[in-house]
Amino acid sequence: GALGLVRGAGVVVSPPPNPQSGLPGGGDVAVPHGAPCPQWPYCRKRCSYCNFNKYVVPVVDEAAVGSCLVREARTLLRLSRVQSVTSVFFGGGTPSLASPGTVAAVLEAIAGAAHLPADAEVTLEANPSSASPQRLQGFRAAGVNRLSIGVQSLDDAELRLLGREHTAAEARGAVEAARGLFPGRTSIDLIFGLPGQSRDAWSRGLEAALGLCDDHLSLYQLTLERGTALAAQVFGGNLPTPPQDLVADMYHIACAALLSAGFRHYEVSNFARKGALSTHNLSYWRAEQYIGVGPGAHGRFVPWGEGGCRREARVQTLEPDAWMREVQSRGHGTRRRTVLSPLEQLEEVLALGLRTDEGVPHERWGRFSPHLSLEAVFGAPGEAAELQQQGWLVLDGGGLRCRREGLALLDSLLPGLLCQLQRGWARAAAAAHGDGTPGRISTGDGGEAAPGIAGAVSGGSGE
Amino acid sequence: MTLAGRTAAWWARLRSPRLPATPLCLPPWLPTGPAACERPYSSHGKEKLDMSTYPVESIRNFSIIAHVDHGKSTLADRLLEITGTIAKTDHNKQVLDKLQVERERGITVKAQSASLFYNYEGVNYLLNLIDTPGHVDFSYEVSRSLSACQGVILVVDANEGIQAQTVANFYLAFEAQLAIIPVINKIDLKNADPERVEKQIEKLFDIPVDECVRISAKKGTNVETVLQKVIEKIPPPQCNTADPLKALVFDSTFDHYRGVVANIALFGGEIQKGHKIVSAHTKKRYEVNEVGILTPNEQPTHKLYAGQVGYVIAGMKEVTEAQIGDTLFLYKQPVEPLPGFKSAKPMVFAGMYPVDQTEYNNLKSALERLTLNDSSVTVHRDSSLALGAGWRLGFLGLLHMEVFNQRLEQEYNMSVILTAPTVPYKAVLSSAKLIKEYGKAEITIINPAQFPDKLSVSEYLEPTVLGTIVTPQEYIGKIIVLCQDRRAVQKDMVYIDEHRVMLKYLFPLNEIVVDFYDTLKSLSSGYASFDYEDAGYQAADLIKMDILLNGNPVEELATIIHKDKAYAAGKFLCERLKDAIPRQLFEIAIQAAIGKKIIARETLKAYRKNVVAKCYGGDITRRMKLLKRQAEGKKLMRKIGNVEVPRDAFIRVLKRQTDK
């Protein structure tokens, strides 16, 4: 990730339940929450595996980009009527390339447009090569209270293969500096399943990372994205394809190692101990509101301020110069708005929630679907029951969630569960009034509620 | 084009929906297809011909027979030009091949006829050329055409010499006791060796060397001589106009405006508009609306007389009313019917299903219309759990199947799924219960799903063919090995000259149906030729091989196979299937089984990790789109037990089987 409230930048707006609200969708209070995710779209160098929306330019007009981020954050927060911000995430690009002053300005704008509690999580993605102690200090002074460092590997050869511009030693230095400044709130990213990487090499890397890390780790299996240099080398036969079974072994080895080091495996790729979970990223998996700010940033929120009453999927203009022109002329650079139907919202609740160890609790489901319970959809004979019997899934008093074994296979579970959801939805709709939506859900703003829920602002692609 | 190339192309077509070669922009109520389009106006605007000036003595009815590519259609074009039947231009290529598929492939599928007028030594002759199909699959049509003839022109390529089909066609004509005029074509080619070919003809067919006519149909060299030989050597038909009407139906087509157009040869009497006629086969009565000759388009005449060949339109609504081989006579003047033909016997069966079940009715109507003009295709309704409702079609051979499929695509814009072809096996039942159920002791099995268990069968029978192979001698060794591998028994081996050998083998039909011809061609660098004829049934050690996924049989992959071949075929299918089925949550055993005995096994391991690593704010939209597509795809999966198989997996497996 990079500086800037770009991709994934956003305000997460998490709607606390409010039993008094008579509003459809489970009723949230008069204080909408949001999570802004500001994106900094620029990088110094293109990594060989990365297909994010990012730009490598000789000179960045930081003042202009910064003022546009400020302006767009204000505009979108106003549109969303978010009153309280639960978290802010600066993603990218490489947001640690931005100056602390820019980060401070964006945070001030957010605090000016909505309530930003002093203890709200404010994360910045940092690359080891732009994470000197001085810079990190500056970011802390600007209001950042959590750091996510793109270490990726602690082996120089692997770092070269990934096209990273830092060495393992630099990464160590950055992590140590960050831990000093953000104790208990420093996260590191690692990638496994590289072409040619052995089981032993991964075990060694993992051991080294455990010796270095703080209380949060993200372990990502390498995804060979089309259009990247690394994928071209593998598909062209110049690098070996990582064998499926070996990569699975690496994942299971890592899960076991982290578990015994006291970490909670709280999401497919994320591990935390001492409660150091990423509040901001949890808001994605809990299908809360978030506001994307910056080029290519994505958001999910109800634009109450524009008269909207349903959750929308929003994407900001990708290309930074075009995005800036739009922000300058109309206050924001929203390129695409898609209203999410109640069923689509439920599909997201399901597909995202099951990535976490808490799964989809009844309460959350009920907020999005007051008339068709989790039990009604997945308790009947069908896909979920079969998967439960096979030991991949659990539906109980807590809700629907994956067992440990099932989590690693989630993408094989989801298509069947989505089929079952779609069938259940259609059945309920037919029973209710034969027109397409079950019960009163037709007003359909799922979890969001009235104007005034809190939110999270994030920038960047998540951790 | 080799059969191999065609087979590959055919399977390729199965998989990809394609644009129609010719956009069908006609309104739906108009007939479609080239045959139908060329005809509508032929009966208007022309003066009716008086055919009484052609008495029996001045009529010759003949066919041209040849191995594929030896120049049959080119010779026909020249004969039509010389006699002024068609204008002489550079564009006359395969004039009698009207179907798009015929012109594209350079083959004749549907026999056409043409009446030629020719003055020789002061006498006006009527020469009826009855064209014949040029492929082994259509030998049934050849014999049907020959029954209306008194002689044939046997065309042999001066370079290639006698080929397998030359032999087969010669015997068809010889057994029908027809006069045979051997013609050596393509003498203009650089490598032409007419002398060698004349010697082959003498050796194999016992025809003196000096009776052969050397021509170049392409350049027109000596083609007049051929016409003169037709008049001199082929006898006029033996019949009398004074006799009662006796007309043989030797072909029929369907015209959407006028109903059935029956091609007839008059073996006695005369026929004209207004006559009341009766079909000896159906006993149905009709009134004649129109008679005429084919030039090659329909040309109405006042009458047709004994010995002549032409067409009749008499209000028949369905092609089945004009049964090939049927005899027509005048109402209240019955005659002894002519010996009819054996009806076409399908050699290859395959299931045909719409790619999408919503297309069922469209496909049904396309099939109905196409079979109107191709009565040799048999159609039975069928259904498969995996493929839905469809049909089981019987074809004369694999090429026939391909051509039929191609016509469906070209003329009706239909894309279909064809299952693996199978031959018609038989079983002699021993179980009284089954005999009662079927109402007979010997049943024909055209669908492996209906293969009766060994316990209730006293004997299984498989169809056989007598195959003729003509090859340069250097390939004999390889060809003999190939034939043995195909369970064939050698019946004859003759040197037809110093370099060429003719082999005769009795083959089980299923061994040659899919890829024998391709293999033969490739191991002989294209030089060996092959033809076959029906040779009845023989007892065979047949078994049904099931393919199991985690113990559950896959109905559409069940195969009837000879016991000796089961092991290799089973192993092959399992291996292919392993590549075609995606990994799932559990291990999948892919097995080939005979009864309860497993003869081959592959294991598809379970997924151990399948979850995308990153799913944050910016990834969600893309992720959901993919998941929903997978959910949609899941609905289309064929479920066998708990194993999910993509619908195209079986076709992919079968396709590669033909590619091996």
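R286(A) pairs up with E358(A) in a salt bridge, their closest N and O atoms sitting 2.7 Å apart; the term here means a side-chain nitrogen of Lys or Arg within 4 Å of a carboxyl oxygen of Asp or Glu. That pair ties together distant parts of chain A, 72 residues apart: R286(A) is in the loop between α9 (279-285) and β9 (291-293), and E358(A) is in the loop between α11 (342-353) and β13 (360-361). Keep in mind that this is a predicted model, where local features need pLDDT of at least 70 and side-chain atom pairs count only at pLDDT 80 or more, while totals for chains, interfaces and linings use all residues. Residues are numbered from 1 along each chain as its sequence is written, chains are lettered from A and ligands numbered from 1 in the order in which they are written, and side-chain values use heavy atoms, with hydrogens and water left out.

**Salt bridges in chain A**

- R286(A) is partly exposed, at 27% relative accessible area, and E358(A) is partly exposed too, at 25%. For these labels, buried means under 20% relative accessible area, exposed means over 50%, and partly exposed is in between (1.4 Å probe, protein chains only).
- E358(A) also meets R364(A) in a salt bridge, at 2.8 Å from N to O. R364(A) is buried, with a relative accessibility of just 4%.
- R423(A) bridges to E383(A), with 2.8 Å between the closest N and O atoms. This one links two helices of chain A: R423(A) belongs to α16 (residues 410-432) and E383(A) to α14 (residues 383-389), 40 residues apart.
- R423(A) counts as partly exposed at 37% relative accessibility, whereas E383(A) counts as buried at 18%.
- E306(A), E312(A), R314(A) and R337(A) are joined into one network by salt bridges that share partners.
- Over all chains, a search of the whole structure turns up 51 salt bridges.

**Where chain B meets chain A**

- Chain B puts 29 residues into the contact and chain A puts in 50, with contact meaning heavy atoms within 4.5 Å.
- The two chains bury about 3,600 Å² between them, and carbon and sulfur atoms give 54% of that. Buried area is the accessible area (1.4 Å probe) that two parts lose on being put together, summed over both.
- On the chain B side, L585(B), R608(B) and Y616(B) lose the most area to chain A, together 22% of what that side buries.
- Seven salt bridges run between chain B and chain A. One of the pairs is K628(B) with E344(A), at 3.7 Å from N to O.
- The interface also has 23 residue pairs in polar contact, both residues at pLDDT 80 or more. A polar contact is a pair of N or O atoms within 3.5 Å; within protein, one must be able to donate a hydrogen and the other to accept it, and residues adjacent in sequence count only if both atoms are side-chain atoms.
- Helix α16 (residues 620-635) of chain B gives the most to the side that touches chain A, with twelve residues.
- That side of chain B breaks down into eleven nonpolar, five polar and 13 charged residues. Ala, Val, Leu, Ile, Met, Phe, Trp, Tyr, Cys and Pro count as nonpolar, Asp, Glu, Lys and Arg as charged, and the others, Gly among them, as polar.

**The chains one by one**

- Chain A comes to 16 helices and 16 strands, while chain B has 17 helices and 33 strands. Helices (H or I, at least four residues) and strands (E, at least two) are DSSP runs, numbered from the N terminus.
- Of the 463 residues in chain A, 62% are buried; for the 660 residues of chain B, the share is 58%.
- Take contacts between residues at least 6 apart in sequence: in chain A, 76% of them join residues at least 24 apart, and in chain B, 70% do.
- Chain A has an accessible surface of about 15,900 Å², 52% of it from carbon and sulfur atoms. Chain B exposes about 27,500 Å², with 51% from carbon and sulfur. These areas come from the Shrake-Rupley method with a 1.4 Å probe; for residues, only the protein chains shown count as cover.

**A covered helix in chain B**

- Helix α14 (residues 516-523) of chain B is mostly covered, with six of its eight residues buried. They are F516(B), Y517(B), D518(B), L520(B), K521(B) and L523(B).
- After α14(B) comes S525(B), which has a positive phi, near 50°.
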